Amino acid sequence: MIDAAGTDTQAAPQASDQYVQSLARGLAVIRAFDAERPVMTLSEVAARTGLTRATARRFLHTLVELGYVRTDGKTFALTAKVLQLGYAYLSGLSLPQLAQPHLEELSLKLGESTSAAVLDGTDIAYIARVTTRRIMTIGITVGTRFPAYATSMGRVLLAHLPPADLKAYLAAADIKPLTPRALGTVPELLAVLETVRAEGWCRLNQELELGLMSVAAPVYDGTKVVAAVNVSLQAQSVEAKPDPDAYLAAVAQEIVATAKLISADLTARG
């Protein structure tokens, strides 16, 4: 909630000789705009921030002159320049730091473990992880590695490699089935990668370890796939659903949406 001083009362700093009230009020004016109120009159901004009309007018017109707010003379709205305030923060974050909060949100939503990984040689290497429960015999942490061809994230990453890089990978990788349900030949893998490219996500059904399923999607930096994210699932739980295919499709939709959010942050970081 924004109080008369123009500050967020739930996170207001302790008053001190270092506290600049005018800055706090200016930021409060910016935060007053949201999805429900993208355009407001002077009176609405004043009421929303608890500022007087005269004070709100001064801050609004200052923001107009700085390019953060536009006005038609009657109403006010933010401009795209306010995004620069967020870019400065994003530019200092690494890929794992950008991915972590999105993975945490998805894990909370689905009640399942989520991860992010990059391709490193013939393996994937985990760079972020949110665990709800252990569903593999091998514990997964940041830094854990698995053969790329045998994982959902690995197949997403392989599917988006340039042809020459994929050819080099196939020449270096030792492709063999790791479970009775797994593929074990290069032609089988290439067919799967073609499907992954077409669908935009990958489902793995007990090919890395029996009892484990996962769904993965690519993370882009601009036009280049630089990582993958996934959701880990217990095969038994999925198969017990009234409609397992519909459930997996819903999970795929969620992981694709999460990958897009991470991609947007990564691209914005620029």
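Trainee: How much area does the chain expose?
Mentor: About 14,200 Å², and carbon and sulfur atoms supply 55% of it. Accessible areas come from the Shrake-Rupley method with a 1.4 Å probe; for residues, only the protein chains shown count as cover. This is a predicted model: local features need pLDDT of at least 70, side-chain atom pairs count only at pLDDT 80 or more, and totals for chains, interfaces and linings use all residues. Residues are numbered from 1 along each chain as its sequence is written, and side-chain values use heavy atoms, leaving out hydrogens and water.

Trainee: What share of the residues counts as buried?
Mentor: 41% of the 270 residues. Buried means under 20% relative accessible area, exposed over 50%, partly exposed in between (1.4 Å probe, protein chains only).

Trainee: How many residues are in the largest nonpolar core?
Mentor: It has 29 residues. A nonpolar core is a set of buried Ala, Val, Leu, Ile, Met, Phe, Trp, Tyr and Cys residues joined through side-chain atoms within 4.5 Å. Ile 124, Tyr 149 and Ile 175 are among those with the most contacts inside it.

Trainee: Which helix gives the largest share of this core?
Mentor: H6, with 5 residues. Helices (H or I, at least four residues) and strands (E, at least two) are DSSP runs, numbered from the N terminus.

Trainee: And what is Ile 175 in contact with?
Mentor: Leaving aside neighbours within four places in sequence, its partners include Tyr 149, Leu 170, Leu 183 and Leu 189. Contact means heavy atoms within 4.5 Å.

Trainee: Switching topic. Where is Val 20?
Mentor: In the segment before helix H1 (21-32). Val 20 is partly exposed, at 46% relative accessible area.
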